[in-house]
2 protein chains.
Amino acid sequence: MSLKNAILVLLEGKPGTGYDLAQRFRGGIGQFWTASHQQIYQELKTLGQDGLVEFELQEQASRPDRKHYRITAPGRAALKDWLQATWKPERLNSAALVRIYAAYLADQGPVLAEIERNLEENRAKLDEYLAQEASHLARTGRTSRRQALVYVSLRFGIRHLRNWLELLAEVRALLTEGRVPDRPA
Amino acid sequence: MSLKNAILVLLEGKPGTGYDLAQRFRGGIGQFWTASHQQIYQELKTLGQDGLVEFELQEQASRPDRKHYRITAPGRAALKDWLQATWKPERLNSAALVRIYAAYLADQGPVLAEIERNLEENRAKLDEYLAQEASHLARTGRTSRRQALVYVSLRFGIRHLRNWLELLAEVRALLTEGRVPDRPA
DNA sequence: CAAGGATATGCAATATATTGCATATGGAGA
DNA sequence: TCTCCATATGCAATATATTGCATATCCTTG
């Protein structure tokens with residue numbers, strides 16, 4: 001249900017091929033929704049059958065042909081309906097948090113290795129996000145509602161990464177030195 | 001893959017029925033992994049066939065019979081292996097964040113209503129978590145590694161909720177007053 | 001007394017996601 | 001030149017999750 005709508009959001013922003021969409025799912029909205037190319041192509045097909053998107057075939061001599069998709073009027077209407085519907089409770093599933101929660105059952109070595117790796121990864125991603133934030137803040141003049149929402153979402157992403165980094169640091173301190181945080185979060 | 005391991009974690013902590021597990025998925029580990037009872041019963045069946053859990057039938061005169069499950073030695077081994085394996089990248093999917101990201105395409109009324117509702121909900125949950133945190137901090141004496149990990153995970157949950165509350169407040173300020181945050185996150 | 005919630009388990013159909021494979025070409029680098 | 005990567009799309013099998021239904025009883029509340 002939401003993959004469908006995430007795709008509509010992307011196409012509303014800008015038409016493109018399935019391949020394009022797969023790329024765009026790696027930044028921006030990709031912070032909050034991701035999908036593999038197999039899923040995307042399948043979903044585009046379904047959306048096409050339902051008339052929510054349409055495509056134009058671009059034949060290319062060299063590369064494989066491209067299907068350039070765009071959202072249709074019914075697609076826009078369906079998206080708007082979804083955006084205005086009541087949110088259903090989300091189930092959050094994080095295997096990493098389950099592993100941390102139960103880390104006392106495991107040998108420390110491999111767990112600590114993963115924690116280090118994730119600290120690195122998240123630090124790198126945080127730097128990226130911070131750079132994006134800086135460019136938002138540097139922008140002078142009026143901001144559109146759309147840009148503002150992108151910005152506010154980015155801020156959520158930044159705080160989310162910081163939260164992860166803090167967790168990982170606390171878990172590392174716990175596993176290596178037995179140190180337990182003594183002040184409220 | 002992870003539902004399986006989440007169940008093993010729960011049963012490692014304490015044996016119980018499918019119904020018990022469904023309840024336990026609402027607190028503690030349920031912050032990070034949730035599952036419906038249908039999924040749980042199905043998974044317990046599979047785990048039983050694989051020999052990772054076993055059950056004892058408790059016949060009850062009044063209520064329906066209960067299957068009291070416990071983890072087996074192979075189950076513990078499988079869980080340990082999983083805990084020590086490399087983490088694969090997680091896909092995070094939040095329909096609510098997609099909706100916020102694209103809120104500029106919707107009428108404000110219904111969106112703001114959902115935001116209010118979620119502010120309420122998250123505030124209530126935060127209070128719960130804070131109470132749990134307080135009781136952790138009040139506990140004197142040595143803490144086991146296990147308790148410490150539960151505590152550290154709880155702290156993550158608290159910060160996560162605060163992050164959501166901040167996002168929702170920022171989105172509300174944006175939609176109602178057009179106010180865009182002017183300081184870094 | 002009637003209605004609804006908690007306890008307790010499950011099937012079946014559908015929807016959604018993952019994994020593995022397949023195809024085809026241009027360009028970059030070893 | 002050979003290999004790998006980016007571009008571009010897709011099928012098929014399997015795995016996982018959701019939705020709707022079904023059953024049965026006790027206890028509480030109106």
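Select A:Arg70 and A:Glu56 in this predicted model. The two side chains form a salt bridge, with 3.4 Å between the closest N and O atoms. Colouring by secondary structure shows that this pair links distant parts of the chain: A:Arg70 belongs to strand S2 (residues 66-71) of chain A, and A:Glu56 to strand S1 (residues 53-58) of chain A, 14 residues apart. Then add the surface. A:Arg70 is partly exposed, at a relative accessible area of 33%, and A:Glu56 is partly exposed as well, at 41%.

Next, move to helix H6 (residues 108-138) of chain A and select A:Glu120 and A:Arg123. How far apart are the closest N and O atoms of A:Glu120 and A:Arg123? The separation is 3.5 Å, and the two residues form a salt bridge. Whereas the pair at the previous stop links strand S1 and strand S2 of chain A, A:Glu120 and A:Arg123 both lie in one helix, 3 residues apart, which is about one turn of the helix. A:Arg123 counts as partly exposed, with a relative accessibility of 37%.

Now turn to chain B and select B:Glu177 together with B:Arg179. Here the closest N and O atoms are 3.2 Å apart, and the residues form a salt bridge. Is B:Glu177 buried or exposed? Its relative accessibility is 54%, so B:Glu177 counts as exposed, the cut-off being over 50%. Its partner B:Arg179 has a relative accessible area of 48% and is therefore partly exposed.

From there, select five residues across both chains: A:Glu133, A:Arg155, A:Arg159, B:Glu166 and B:Glu170. Salt bridges that share partners join these residues into one network. In general, side chains of opposite charge can pair when their charged atoms come close. To survey the remaining pairs, display every salt bridge in the model; over all chains there are 26.

Finally, show both chains in full and superpose them. A turn of 180° with a shift of 0.0 Å along the axis lays chain B on chain A, at an RMSD of 0.0 Å. The two copies are thus related as by a two-fold rotation axis. Which residue of chain B has the C-alpha nearest the axis? Select B:His160, whose C-alpha lies 3.5 Å from the axis. To end the tour, display the contact residues of chain B and of chain A: the same surface serves both copies, as 100% of the contact residues of chain B recur in chain A.

How values were computed
Residues numbered from 1 in each chain as written. Chains lettered and ligands numbered in written order. Predicted model: local features only at pLDDT ≥ 70, side-chain atom pairs only at ≥ 80, totals over all residues. Heavy atoms only, no water. Least-squares fit on C-alpha atoms with pLDDT ≥ 70 in both. Contact = heavy atoms within 4.5 Å. Salt bridge = Lys/Arg side-chain N within 4 Å of Asp/Glu carboxyl O. Helix = DSSP H or I, 4+ residues; strand = E, 2+ residues; numbered from the N terminus. Buried < 20%, exposed > 50% of the residue type's maximum accessible area, 1.4 Å probe, protein only.
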